[in-house]
Amino acid sequence: SIPLEELEPRLADLPDDRELVAYCRGPFCAYAHEAVRRLNAAGRTASRLDDGWPEWKLHTTDREDEAA
């Protein structure tokens, strides 16, 4: 997790051989959209997690419980 204000100085820390996924606290948060724009402008492949991190984690946990 990298805060938006630290993204550009830390680009070298991110892998450049795979897609990066930007996320935020919820589907209406604009920071993830801005992160994708900045990553794409830097030549990186990036997309936004449709929901926020909490929703993704909840969905993942529910699926793991179903598989058990």
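Begin the tour by selecting glycine 43, which follows helix α1 and has a positive phi, near 85°. Keep in mind, as you move from stop to stop, that the structure on your screen is a predicted model.

**Along helix α1**

From glycine 43, step back to α1 itself, which covers residues 31–41, and colour Ala32, Ala35, Val36 and Leu39, the residues that are buried in this helix. These residues lie on the same side of α1, because they cover an arc of only 100° around the axis. The general rule behind such a pattern is that an α-helix has 3.6 residues a turn, so residues three or four places apart point the same way. What do the buried residues of α1 pack against? Select β1 and then β2, residues 46–48, and you will have found both of the strands against which they pack. Now turn the helix around, and on the face that looks away from the buried side you will come to Arg37 and Ala41, which are exposed.

**Salt bridges on and beyond the helix**

Stay with arginine 37 and add glutamate 34 to the selection, for the side chains of these two residues meet in a salt bridge, with N and O 3.1 Å apart. Glutamate 34 and arginine 37 are separated by about one helical turn, because they are three residues apart in α1. If you extend the selection to Glu8 and Arg38, you will have a network of four residues, Glu8, Glu34, Arg37 and Arg38, joined by salt bridges that share partners. Is glutamate 34 buried or partly exposed? With a relative accessible area of 25%, glutamate 34 is partly exposed.

The whole structure holds six salt bridges, and two others are worth a visit. Select arginine 10 together with aspartate 13, a pair whose closest N and O atoms are 3.4 Å apart. Arginine 10 is partly exposed, at 29% relative accessibility, whereas aspartate 13 is exposed, at 56%. Next, select aspartate 17 and arginine 18, which form a salt bridge with their closest N and O atoms 3.5 Å apart. Here arginine 18 is exposed at 54% relative accessibility, and aspartate 17 is exposed as well, at 63%.

**Valine 21 in strand β1**

Move on to valine 21, which has its place in strand β1 and counts as partly exposed, at 48% relative accessibility. Leaving aside residues up to four places away in sequence, valine 21 touches Ser47 and Leu49. If you draw a line from the C-alpha of valine 21 to the C-alpha of alanine 35, it spans 9.2 Å, although the two residues are 14 residues apart in sequence.

**The largest pocket**

Valine 21 also leads to the last stop, the largest pocket, which has a volume of about 650 Å³. Among the 23 residues that line the pocket, those closest to its centre are Ser1, Ile2, Val21, Ala22 and Tyr23, so select these five together. Then show β1 (20–22), α1 and α2 (53–67), each of which supplies at least two residues of the lining. Which of the elements gives the largest share of the lining? That share, four residues, comes from α1, the helix at which the tour began. Finally, colour the lining by residue type, and you will find 20 nonpolar residues, one polar residue and two charged residues.

Notes. Residues are numbered from 1 along each chain as its sequence is written. This is a predicted model: local features need pLDDT of at least 70, side-chain atom pairs count only at pLDDT 80 or more; totals for chains, interfaces and linings use all residues. Side-chain values use heavy atoms; hydrogens and water are left out. On a 1 Å grid over the protein atoms alone, a cavity is a set of points where a 1.4 Å probe fits but cannot get out, and a pocket is an open set with protein on both sides within 12 Å along at least five of seven lines; lining residues have an atom within 4 Å of a point. Grid points are joined across faces, edges and corners, and a volume is the space filled by probe spheres set on the points. Ala, Val, Leu, Ile, Met, Phe, Trp, Tyr, Cys and Pro count as nonpolar, Asp, Glu, Lys and Arg as charged, and the others, Gly among them, as polar. Buried means under 20% relative accessible area, exposed over 50%, partly exposed in between (1.4 Å probe, protein chains only). The arc is that of the directions from the helix axis to the C-beta atoms. Contact means heavy atoms within 4.5 Å.
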